[in-house]
Amino acid sequence: MRRAVATVPHYRERYAATGTLPPLTRDEAGLRLHLLMPLGSSLLARRDPGRPATEHLAELRDALRLAGHRTGGREVYEVSPALRDPVRAYGTDWRVLLATTADALPQVSERYGATEPGPGGDALVVADAGQLRDPGTGALTAAGPVTVERVTLAAAARTRPAPGSLWYEPWLGHLGGVPADCGELHLSASRVHARLLDGATVLTLLRRRRPTFVHVRPEGAGSFAPASCPRHGVPILGRTP
Ligand SMILES: [Zn+2]
């Protein structure tokens, strides 16, 4: 937080005005994205290579481990609205499956669809809850391999996430997982810090600097508060009564 105030224009402004860092909302983050970059490393769309795939995969791997999934030696597919080439890292082949909701040109689907055999029997398939259901019937699609559901805090507030689910926020990434033996929402503690700020749960991403996210309040945070797992003694977001 000190570093954010020292180096990121958005937090400098907010802190100078009020002496505190009020929660950052999604709308505010969208409008002020350029001000969430540290000084001297602003976002230059044309030259910016984006977030390295290895960082994204390290985060996904941590969340999968928290949720009790083994990744070494098996393929992991992520259902995504955009394609990328497979990446080999941590003894795993990380691939993407194009979401059925994605707008793809027929020639793109053909090129990737025809050459890729699709997930094998031992593969993990990570997808948002809606992506695992047939859009027509609403039934869970039997993908064959092990499917891992990805839920947001807003969804977790409505329905208790299934054991083995991952916690994922569109803006923030993979932040935790739900082990089968306790069913609690474990935090990826080296990546995200949760605290109460004026009675509201806010999150700070500890490793992500471009953009820098401090005191973010995701939708659904009102139903959760930082706690410690009654079974494992590690940081969780516990359901508030
Ligand atoms: Zn636990």
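**Exercise 1. Describe the overall make-up of the protein chain in helices, strands, burial and contacts.**

Solution. Begin with the secondary structure: the protein chain of this predicted model contains 6 helices and 12 strands. Next, consider burial. The chain has 241 residues, of which 31% are buried. Finally, turn to contacts between residues at least 6 apart in sequence: 48% of these in the protein chain join residues at least 24 apart.

**Exercise 2. Trace the open sheet from edge to edge and state how its strands are arranged.**

Solution. Step one is the order. The sheet is open, has 10 strands and runs S2-S3-S1-S4-S5-S6-S7-S8-S12-S11, with mixed pairing. Step two is to identify the edges: strand S2 (87-89) and strand S11 (224-228) each pair on one side only. Step three is the twist, which averages 35 degrees from one strand to the next.

Step four places a helix against the sheet. Helix H4 packs on the sheet and touches S1, S2, S3, S4, strand S5 (146-151), S6, S7 and strand S8 (185-187). The direction of H4 makes about 15 degrees with that of S7.

**Exercise 3. Determine which strands pair with S1, and find the partners of Tyr 77.**

Solution. Take strand S3 to start with. Strand S1 (residues 75-80) pairs with strand S3 (residues 92-98) in the parallel sense, over 6 bridges. In this pairing, Arg 95 of S3 stands opposite Tyr 77.

Now take strand S4 (residues 124-128). S1 and S4 also run parallel, and 3 bridges join them. Here the bridge partner of Tyr 77 is Val 125. Tyr 77 is thus matched with Arg 95 in S3 and with Val 125 in S4.

**Exercise 4. State the sense in which S6 and S7 run, parallel or antiparallel, and name the bridge partner of Glu 169.**

Solution. Strand S6 (residues 166-169) and strand S7 (residues 173-177) run antiparallel and are joined by 4 bridges. Within S7, Gly 173 is the bridge partner of Glu 169.

**Exercise 5. Identify the residues of the largest nonpolar core that touch the most other members, and say where the core draws its residues from.**

Solution. The largest nonpolar core has 44 residues, and those touching the most other members are Val 125, Val 126, Leu 166 and Trp 167. As for its sources, helix H4 (residues 53-66) supplies the largest share, 5 residues. The core also draws at least three residues from each of domain 1 (1-50 + 152-241) and domain 2 (51-148). As general background, nonpolar side chains tend to be buried together in soluble globular proteins.

**Exercise 6. Classify Thr 152 and His 193 as buried, partly exposed or exposed, and describe their surroundings.**

Solution. Consider Thr 152 to begin with. Thr 152 is found in the loop between S5 and helix H6 (153-158). Because 20 other C-beta atoms lie within 10 Å, Thr 152 is buried. Leaving aside residues up to four places away in sequence, Thr 152 touches Tyr 168, Glu 169 and Gly 220. Gly 173 is 21 residues from Thr 152 along the chain, and their C-alpha atoms are separated by 9.9 Å.

Proceed to His 193, which lies in strand S9 (residues 192-197). His 193 has 17 C-beta neighbours inside 10 Å and therefore counts as partly exposed. With residues up to four places away in sequence again left out, His 193 touches Thr 204 and Leu 206. His 193 and His 215 are 22 residues apart in sequence, with a C-alpha to C-alpha distance of 9.1 Å.

Definitions and conventions
Residues numbered from 1 in each chain as written. Predicted model: local features only at pLDDT ≥ 70, side-chain atom pairs only at ≥ 80, totals over all residues. Core = buried A, V, L, I, M, F, W, Y, C linked by C-beta atoms within 7 Å. Buried ≥ 20, exposed ≤ 12 C-beta atoms within 10 Å, placed from the backbone. Helix = DSSP H or I, 4+ residues; strand = E, 2+ residues; numbered from the N terminus. Domains from an automatic or database assignment. Pairing = 2+ DSSP bridges. Contact = placed C-beta atoms within 7 Å. Axes fitted to C-alpha atoms, helices over the stretch in contact; angles between N-to-C directions.
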